[in-house]
Amino acid sequence: MKVIEHLSKAKNPLISFEIIPPKRGGDIGSILSLLDDLIKYNPPFIDITSHAAEVYYDETPNGIKKIIKRKRPGTLGICALIQNKYNIDAVPHVLTKGFTREETEDFLIELNYLGIQNVLAIRGDDSGYNKPIPQGRSVNQYAVDLVKQIMDMNRGKYLEDSLLDAKPTNFCVGVSGYPEKHFEAPNLKTDIKFMKEKIDAGAEYIVTQMFYDNQHYFKFVELAREMGVNVPIIPGLKILTSKVQLNTIPKNFYINIPEALSDEVLSAKPEHVIDIGVEWAVKQVEELLNKNVPAVHFYIMQNSKPIIKLMEKLKL
């Protein structure tokens, strides 16, 4: 089922999750254990992140060696696992950065063959590696270009014009939104304008970047509606679990952590931080649900312990 259908048919609050593949050489058992924990909460869909190749430098007896590799392959396989073993709709992330349009088309064809109907179209993080574009290949510069490519495939239009009887795909496309604005945008209104271009191109719903102050989300939705964005806007949350995240989360995701939360975390013993983060998330979720949000999306990565604590307290 498409994400947009899950949202429209829901009679109870929907809770969805986002996970990350293991590092190269990792054990699929860790993902199976994580999924076994998450399916207890009946998620209608689970997002799986995708990662382009990055540059690494390894020290060898012959000096420093430059290596280009994907640190976390496996998105496609995990999608197949979620979709066909657990019967939960998988939502793979499809990136512009690090992939040609031709590679993207191949990936989408494979997803289509697996019966996967949902994708999240995003530009992706800058890994610092600019992949050479082979002659005759092309790239999507922005997420809106990626949305347009997927919509073309939904109309049966592939990159190769000479294909006979090309069958249309049937993807539901989600895109990202930034309640505290994307760090490259000059202001929030301009950022929402770019987001609206993705909706106008065919995207059907939005999942937001994480935030720790619900007022950012409410103001974001209000401004988006004023600017003509009428699709569901799903709030994304991440439970804070360690003191180090007070630095890493703002650094990596360009968001603010409220003073009340940071003060409480800084004054607590390290083993108590997860409980503080869970309590904060409980208050966020309860307020969001009282405002009738379409769903709540949790950035889990590979740790189910915080979400188990949270769901025990929410009793949904």
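**Exercise 1. Met-301 and Tyr-254**

Work out whether Met-301 is buried, partly exposed or exposed in this predicted model, and where it lies.

*Solution.* Start with accessibility: Met-301 has a relative accessible area of 26%. Buried would need under 20% and exposed over 50%, so Met-301 ends up as partly exposed. Next, find it on the chain: Met-301 belongs to strand β10, which covers residues 296–301. Finally, check the backbone. Most residues other than glycine have a negative phi. Met-301 isn't a glycine, yet its phi is positive, at about 65°.

Now do the same for Tyr-254: which loop holds it, and what is its phi?

*Solution.* Tyr-254 sits in the loop between α8 (245–253) and α9 (259–266). Its phi is positive too, about 60°, and again the residue is not a glycine. With 43% relative accessibility, Tyr-254 counts as partly exposed.

**Exercise 2. Cysteines**

Explain why Cys-79 and Cys-172 don't form a disulfide.

*Solution.* Recall the chemistry first: a disulfide is a covalent bond between the sulfur atoms of two cysteines. Then look for a partner. For Cys-79, the closest cysteine sulfur is in Cys-172, 14 Å away. Turn it around and Cys-172 has its closest cysteine sulfur in Cys-79, also at 14 Å. The cut-off is 2.5 Å, so that gap is too far for a bond. The disulfide count comes to 0. As for their surroundings, Cys-79 is buried at 0% relative accessibility, and Cys-172 is buried at 0% as well.

**Exercise 3. An aromatic cluster**

Classify the ring pairs that Tyr-217 makes with Phe-211 and with Phe-218.

*Solution.* You need two numbers for each pair, because a pair of aromatic rings is described by the distance of the centres and the angle of the planes. The structure has 3 aromatic pairs. One of them is Phe-211 with Tyr-217: the centres are 5.6 Å apart and the planes differ by 15°, which makes the pair stacked. For Tyr-217 and Phe-218, the centres are 5.7 Å apart and the planes stand at 65°, so call this one edge-to-face. Put together, ring pairs join Phe-211, Tyr-217 and Phe-218 into a cluster.

How buried are these rings' residues? Phe-211 has a relative accessible area of 0%, Tyr-217 has 4% and Phe-218 has 18%; each counts as buried.

**Exercise 4. Charges over rings**

Find which lysine lies over the face of Phe-218, and which has its charged end over Tyr-86.

*Solution.* Over Phe-218 you'll find Lys-291, at 5.8 Å from the ring centre. Over the ring of Tyr-86 it's the charged end of Lys-85, 5.5 Å from the centre.

Key:
Residues numbered from 1 in each chain as written. Predicted model: local features only at pLDDT ≥ 70, side-chain atom pairs only at ≥ 80, totals over all residues. Heavy atoms only, no water. Buried < 20%, exposed > 50% of the residue type's maximum accessible area, 1.4 Å probe, protein only. Phe/Tyr/Trp six-rings, centres within 6.5 Å; stacked < 30°, edge-to-face > 60°. Lys NZ or Arg CZ within 6 Å of the ring centre and 35° of its normal. Helix = DSSP H or I, 4+ residues; strand = E, 2+ residues; numbered from the N terminus.
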